[in-house]
Amino acid sequence: MPSLFSFQNGDFLAYTLANPVECEPQSFQIQGADLYLEDTGILRIEPSQPTSISLVISVGIHGNETGPIELINNLLKDIFSGELILNVRLLVLIGNPVSSNAGKRFIDVNMNRLFSGAWKTFDCPEAKRAENLENVVQRFYEKGSESDVRLHYDLHTAIRGSEYEQFAVYPFDHGSGYSKSQLNFLAASGLDAVLLSHQPTTTFSYYTHLTYGAHAFTVELGKVYPFGQNDLSRFSGIDSSLRSLMATSEIPQGNLSSLTVFAVKDALIKDAEDYTLNIGSDVKNFTGFDKGFCLAQSSLSEYRVALDGDAIIFPNAQVPVGQRTGLIVRLTQPETLLFIKE
Ligand SMILES: [Zn+2]
């Protein structure tokens, strides 16, 4: 059995970036766990002792969002060295190493629009990778016990600044309700806000939520910086809650009242080539507008703000016609949420 030195002294990220397209499956043993490198950037770790949690952490689904990749690489180093003893099943995914090497969000297609089978309509490396990731996640969850708590945190950083620096997107619940325990976890992780989605999407977290019943979130941890330029201390909240979860197999609990909760009210869609957003390029996520403001227009349509304070997130008009140019969100009171039984 090869030693961890195949990982260039335990540096999973360096190994992945040096083998960005594919690599031979390999397995290793460390004290208390078996490691399986299933493909490039895809590492499964099975602890020797039984556990009831199957945890997927994905990073770099957008290749240039390097902060969370470095965060998880450091965490893996501590697992390899024995400093962090794993007590959960863990699947770590570095999403798009080719675009990470290129310093780009993606090469051909935004990979976080390719899940739930949307990859089938494309023929490009991101589509193949999304198919591969779906298969790997399916095998991982199915290898665990039926009764395992399935978790998936898909960690990102955003193109622009944000009125709320760190926030999570809660996939559409189809009316089934929200997990208080998971919201408490997000609060314990130091997040500022949560955004409740209003419809099915083709994002990775919606896919694992819908398909495997995972508690799944897209987690935005701040602004994009190149490798080596991230201030990892800004991620200390999520870093310590993930370490605690991994070591104890207990989900750290903060108080969800510390989270500002927004509900998505509308998705803006680019409907023509002459579509424009009437905001500056430096407008932050969660910037609010007055009722009646014409936020977007094209030769086919216009979008006027429905209520004072309605805010925009993820604005980006540089997308193909038919794709999303932003989401309109509205403050909501946590007390009004429907919670699932846990
Ligand atoms: Zn992203």
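1. A quick term before the zinc site: a donor here is an N, O or S atom within 2.8 Å of the metal, and since water is not among the atoms, the site may look incomplete. Keep in mind too that this is a predicted model.

2. With that in hand, the zinc donors follow the spacing H-x2-E-x90-H along the chain. So who are they? The protein donors are His-62 through ND1, Glu-65 through OE, listed twice, and His-156 through ND1, lying 2.0 to 2.4 Å from the zinc ion.

3. What does the zinc ion tie together? Glu-65 and His-156 link distant parts of the chain, 91 residues apart. Glu-65 sits in the loop between β4 (53–59) and α2 (66–81), while His-156 belongs to strand β6, residues 149–158.

4. Don't go looking for a neat tetrahedron. To count as tetrahedral, four donors need all angles between 85 and 135 degrees. The 4 donor atoms here subtend angles of 57 to 144° around the zinc ion, which makes the arrangement irregular.

5. Are these two ligands buried or exposed? The cut-off for buried is under 20% relative accessible area. Glu-65 has a relative accessible area of 2%, so it is buried. His-156 is buried as well, with a value of 1%.

6. On to α2, where the length checks out. At 1.5 Å a residue, its 16 residues should span 22 Å, and the end C-alpha atoms are 23 Å apart, which agrees. Of those 16 residues, 13 are buried, so α2 is largely enclosed by the rest of the structure. Just after α2, Gly-82 takes a positive phi of about 90°.

7. Strand β5 (residues 89–94) is also largely enclosed by the rest of the structure, because 6 of its 6 residues are buried. In a regular strand the side chains alternate between the two faces of the sheet. In β5, Arg-89, Leu-91 and Leu-93 point one way and Leu-90, Val-92 and Ile-94 the other way, and all are buried. Note that an arginine, Arg-89, is in that buried list.

8. Which strands does β5 pair with, and in what sense? Strand β3 (residues 42–47) pairs with β5 in the antiparallel sense over 4 bridges, and Ile-45 has Leu-90 as its bridge partner in β5. β4 and β5 run parallel, joined by 6 bridges, and there the β5 partner of Ser-58 is Leu-93. From β4 the chain crosses through α2 to β5, and this β-α-β crossover is right-handed.

Methods. Residues are numbered from 1 along each chain as its sequence is written. This is a predicted model: local features need pLDDT of at least 70, side-chain atom pairs count only at pLDDT 80 or more; totals for chains, interfaces and linings use all residues. Side-chain values use heavy atoms; hydrogens and water are left out. Donors are N, O and S atoms within 2.8 Å of the metal (3.2 Å for Na, K and Ca); water is not among the atoms, so sites may look incomplete. Four donors count as tetrahedral if all angles lie between 85 and 135 degrees; four count as square planar and six as octahedral if opposite donors are over 155 degrees apart and all others between 65 and 115; anything else is irregular. Helices (H or I, at least four residues) and strands (E, at least two) are DSSP runs, numbered from the N terminus. Buried means under 20% relative accessible area, exposed over 50%, partly exposed in between (1.4 Å probe, protein chains only). The expected span of a helix is 1.5 Å times one less than its number of residues. Two strands pair if DSSP finds at least two bridges between them. A crossover is right-handed if, with the strands pointing away from the viewer, the path from the first strand over the helix to the second runs clockwise.
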